[in-house]
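Dear colleague,

I am handing over the structure we spoke about, and you will find the sequence and coordinates just below. My notes on what was found follow after them.

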Amino acid sequence: MTELWQGLVRAIELLISLDPEVFEIAGRSLLISVTSCSISALFSLPLGGLIHFYHFPGKRFLISTIQTLFSIPTVAVGLFVFVLFSQAGPLGGLNLMFTPVAMVIGQVILVTPIILGLIISALSGVDKAVPETAISLGATGFQVAILTLREARYAVLTALVMGFGRAISEIGIALMVGGNIKGFTRTLTTAISLETQKGDIELSIALGIILISIALVINLALSRIQQR
Amino acid sequence: MTLIQTTNLGHKYRERYVLKNVNLNINQGEVFALIGPTGSGKTTLLKLLDLLEIPASGRIYFDGVDVTHSGGPRLEARRRMSFVLQKPIVFNMSVYDNVACGLRWRHEPKDIVRQRIESALELVAIAEYKNRNARSLSGGETQRVAIARALATKPEVLFLDEPTANLDPVATSKIEEVLAHIIKEQKTTVVMATHDMSQGQRLARRIGVMMNGEILQVGSPSNIFSSPKSREVAEFVGVENILGGVIIAKDNNLVTIEVNGSTIQAISDFIVGDMVQALIRPEDITFALSKDISSARNTFEGKISRITPVGPLVRIEVDCGFPLLGVVTKRSAEELGFSVGKKVCASFKATAIHVIKRWN
Ligand SMILES: Nc1ncnc2c1ncn2[C@@H]1O[C@H](COP(=O)(O)OP(=O)(O)OP(=O)(O)O)[C@@H](O)[C@H]1O
Ligand SMILES: [Mg+2]
């Protein structure tokens, strides 16, 4: 108990003194997750629009597959990316193993089903009269799509925030293809996990507080969005 | 000049035809009202005319161009028209931006956009709301925004689907005022759907009566009101006395029709032996307590079978061998001492009767 108490006190000291290592790790975590979600959003928005607005055979099946992948295990994605980029793997020559790039690729794969799936359901939540009204006002297909996305903006934002929440808190990918290299690929989750094993409980608690704060901010943001 | 023409237009939803054989000509600058009961296909027809859906059969010509199927000419034609939907929706943005949509999508220059929006908002009298989020408006205000948004693009054709349904009488007359103004000042071609016969009469120069997906009669309001072509149309436009009979005598165009053992006289071109229906509007029937004061050709004695007050009026049903329904003011009903069972004389002029063919 005293150990835990001391850890907490030390952790708060680390935070208050703006310990460079703590903030470097937190900053990297944020950067990697924000990058992953932005990349995912960049193609999920148009792709979601296409899937929503076009009728094609297998559409329902595709959507339910995407929804199934919401809860894909992070270690499964980690394994997949590991196999892809390991020395003997098909993309081994790129030498991306144990780099932030590999972590971003893994996280993009992880969050895309969530972001894409939630964007599709955001679009289908828009009143059918919206596209109809837009067409009657002379909108082209593209203009209708932009308007519909705009009408769904809060739900789309929710999709992005949910994706970010999943990315920032995952550990499987970060560990398997990032490797927790100090000053290079170490993130909040990998650091907490490995520093705890090593006995550096103060650093773990400090990082844990930051991670929980981020989760809190995400939750606050979500409920703010949902109130609109 | 014909602006919109349809030939044998038909449409179906889930294999069920909801529109059949519609052959319609809308002339440039006219105001045309589609009236008909709920579910008769008015909205469906308007959606086809505004090129929002592709018809199952038939053709649509806009300004001489075949725009039946998809392609560039449809967008071009659609951009010359506007549609205020039956349940208008506004986008989740300011009133100003809502009205701007059509103009921005056409890439109109900024100053023209501003100017058109200002005047459209002015016209429907919601200029003071322009910075409010449109979703926060009331039903009547939403309707105005939808009308302003449709007018901002200066359409050649304006489609209005039940523009005043769900509005109270005051809001209705305000919207009608706006519409009358547009019709008069801007010479816009207007096609409106309504199930309010009197609104059609007030605003339109021509009326098409729709039932079960078909246009049964097209004509001027007075033509449709006084000479409905069929029993269905007659019932819809408020002819409540529909008496089946057969013509038993004819003198020039004054015919004698036998109805349930009684005879009534009317003006008609039908000949002796024709099976007909005599249509009489309730407001054309007058009541008296004794027979001799009426100069009308048709006078019948009967007993009042039912009295129903409707606002300032009273509906009187009289059984004179056949049922007759008339209306009087509340005051005259009291003065004449009307009550159920009382004997009265109902009369109507030969010219007040509209005679149509009967098929069974
Ligand atoms: N999207 C749809 N899917 C299936 N059936 C439809 C659809 N839209 C309309 N219908 C049917 O088509 C018929 C005509 O409908 P429409 O909306 O054109 O009638 P309306 O004359 O406008 O009626 P109202 O006065 O109630 O607005 C109705 O029987 C309706 O149920
Ligand atoms: Mg309708």
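**The magnesium site, the sheet and the two domains of chain B**

Q86(B) has a relative accessibility of 33% and therefore counts as partly exposed, a value that, like the others in this message, was computed on a predicted model. Q86(B) is of interest here as one of the protein donors of the magnesium ion (ligand 2): its OE1 and the OG1 of T43(B) lie 1.9 to 2.2 Å from the ion. The two donors come from distant parts of the chain, 43 residues apart, with T43(B) in helix α1 and Q86(B) in the loop between β6 and α3 (95–105) of chain B. T43(B) is likewise partly exposed, since its relative accessible area is 22%.

Turning to the sheet, chain B holds an open arrangement of six strands in the order β6-β7-β8-β3-β9-β10, with mixed pairing. Because β6 (81–84) and β10 (214–219) of chain B each have a single partner strand, they stand at the edges, and one side of each is left without a neighbour in the sheet. Neighbouring strands are turned against each other by 15° on average, direction ignored. Within the sheet, β7 (residues 157–161) and β8 (residues 189–194) of chain B pair in the parallel sense over five bridges, and L160(B) has M192(B) in β8(B) as its bridge partner. Helix α1 (residues 42–49) of chain B, which carries T43(B), packs on this sheet, touching β3 (31–35), β6, β7, β8, β9 (206–211) and β10 of chain B, and its direction makes about 155° with that of β7(B). Helix α5 (residues 139–152) of chain B lies across β6 and β7 of chain B and runs at about 175° to β6(B).

As for the domains, the assignment for chain B gives domain 1 (2–236) and domain 2 (241–357), whose C-alpha centres lie 39 Å apart. Nine residues of domain 1 of chain B are in contact with seven residues of domain 2 of chain B, and the two domains bury about 620 Å² between them, 57% of it on carbon and sulfur atoms. F225(B), P228(B) and R231(B) supply 63% of the area that domain 1 of chain B buries against domain 2 of chain B, more than any other three residues.

Finally, D269(B) lies in the loop between β13 (262–267) and β14 (275–280) of chain B, and counts as exposed because its relative accessibility is 69%. Leaving aside neighbours within four places in sequence, D269(B) is in contact with K250(B) and N253(B); from N253(B) it is 16 residues away in sequence and 5.9 Å away in space, C-alpha to C-alpha.

With best regards

Terms used. Residues are numbered from 1 along each chain as its sequence is written. Chains are lettered from A and ligands numbered from 1 in the order in which they are written. This is a predicted model: local features need pLDDT of at least 70, side-chain atom pairs count only at pLDDT 80 or more; totals for chains, interfaces and linings use all residues. Side-chain values use heavy atoms; hydrogens and water are left out. Two strands pair if DSSP finds at least two bridges between them. Helices (H or I, at least four residues) and strands (E, at least two) are DSSP runs, numbered from the N terminus. Axes are lines fitted to C-alpha atoms, for helices over the stretch in contact, and angles run from 0 to 180 degrees between N-to-C directions. Contact means heavy atoms within 4.5 Å. Buried means under 20% relative accessible area, exposed over 50%, partly exposed in between (1.4 Å probe, protein chains only). Donors are N, O and S atoms within 2.8 Å of the metal (3.2 Å for Na, K and Ca); water is not among the atoms, so sites may look incomplete. Domain bounds come from an automatic or database domain assignment. Buried area is the accessible area (1.4 Å probe) that two parts lose on being put together, summed over both.
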